[in-house]
Amino acid sequence: VSRKSGGMLVAVYPCMQIVGIKPMYSSESLTQVVLFVWYVRSYLTGIVWVLYDFACGVLRFMLSQVRQRQGTPAAQRWKELLALRWVIDKLHWRQGHSSCKDEASTYYEPSVNPHAYSELVGVDTEAAEQIFHIANRWQTVLRNSHPVHFDLQLLLFSHEHNERNRCDLKT
């Protein structure tokens, strides 16, 4: 998002409501993504689906973490995250991540195919990408903000966005 930030992680309902947002102060890593999902699960119970543009990489990463922590309480937490349905959004499935689709690749994972689930028919799986487009307009204000102000302004922008784009969250 700016010189001081490595971008942001955003949790979005398909109806475009921002339900979680967190700036990154370095480049995006799989650890940051997984910890962000863990954090969002702390206040949004019942999450089943996680649509992420590199879901096959996250699954591989989490399996590695489970193996490394076998027999520890941490392994169970990683297994809980692994039990979620990690799927690549339709845009990234169509335009990239050929390694996730190539059976010869070590990243091949058929479960990340968004077209394999009838539950995702008609779901806007690219909602987060659309929010990133909106969030890029916030850069002017956020670019030179102190981290405390950055977080506060990000929350205020998100709140304003949600107020203007209300939806029925029960469906």
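**Exercise 1. A residue of helix 8**

In which helix is the place of His161? Determine also whether His161 is buried or exposed, and identify what His161 touches.

*Solution.* The model under study is predicted.
Step 1. His161 belongs to helix 8.
Step 2. The relative accessibility of His161 is 3%. Buried means under 20%. His161 therefore counts as buried.
Step 3. Leaving aside residues up to four places away in sequence, the contacts of His161 are Met16, Ile18, Ile131, Ile134 and Trp138.
Step 4. One of these contacts is Ile18. In sequence, 143 residues separate His161 from Ile18, while in space the C-alpha to C-alpha distance is 7.9 Å.

**Exercise 2. The span and faces of helix 8**

Compare the expected span of helix 8 with the distance between its end C-alpha atoms, and then state where its buried residues lie.

*Solution.*
Step 1. Helix 8 covers residues 147-164, which is 18 residues. The expected span is 1.5 Å times one less than the number of residues. The result for helix 8 is 26 Å, and because its end C-alpha atoms are 26 Å apart, the two values agree.
Step 2. The buried residues of helix 8 are Phe150, Leu154, Phe157, Ser158, His161 and Asn162. Viewed down the helix axis, the buried residues lie within an arc of 135°, so they line one face of helix 8.
Step 3. On the face turned away from this buried side, helix 8 carries the exposed residues Val148, Leu155 and Leu156.
Step 4. The cover over the buried residues of helix 8 includes strand 1, strand 2, helix 6 and helix 7 (139-142).

**Exercise 3. The span and cover of helix 2**

Carry out the span comparison for helix 2, and list its buried residues.

*Solution.*
Step 1. Helix 2 holds 14 residues, 55-68, and should span 20 Å; its end C-alpha atoms are 20 Å apart, so expectation and model agree.
Step 2. Ala55, Cys56, Gly57, Val58, Leu59, Phe61, Met62, Gln65 and Val66 are the buried residues of helix 2.
Step 3. Helix 1, helix 3 (73-82), strand 4 (85-87) and helix 5 (98-101) are among the elements that cover them.

**Exercise 4. The largest pocket**

Describe the volume and the lining of the largest pocket.

*Solution.*
Step 1. The largest pocket holds about 930 Å³ of space.
Step 2. Its lining comprises 35 residues, and Ala11, Val12, Trp49, Val50 and Leu51 lie nearest the centre.
Step 3. Two or more lining residues come from each of strand 1 (7-12), strand 2 (18-24), helix 1 (30-43), strand 3 (49-51) and helix 6 (127-136). Strand 1 gives the largest share, six residues.
Step 4. By type, the lining consists of 25 nonpolar, four polar and six charged residues.

Note on methods
Residues numbered from 1 in each chain as written. Predicted model: local features only at pLDDT ≥ 70, side-chain atom pairs only at ≥ 80, totals over all residues. Heavy atoms only, no water. 1 Å grid on protein atoms, 1.4 Å probe; cavity = no way out; pocket = protein on both sides within 12 Å on 5 of 7 lines; lining within 4 Å. Points joined across faces, edges and corners; volume = space filled by probe spheres on them. Helix = DSSP H or I, 4+ residues; strand = E, 2+ residues; numbered from the N terminus. Nonpolar A, V, L, I, M, F, W, Y, C, P; charged D, E, K, R; others polar. Buried < 20%, exposed > 50% of the residue type's maximum accessible area, 1.4 Å probe, protein only. Arc of directions from axis to C-beta. Contact = heavy atoms within 4.5 Å.
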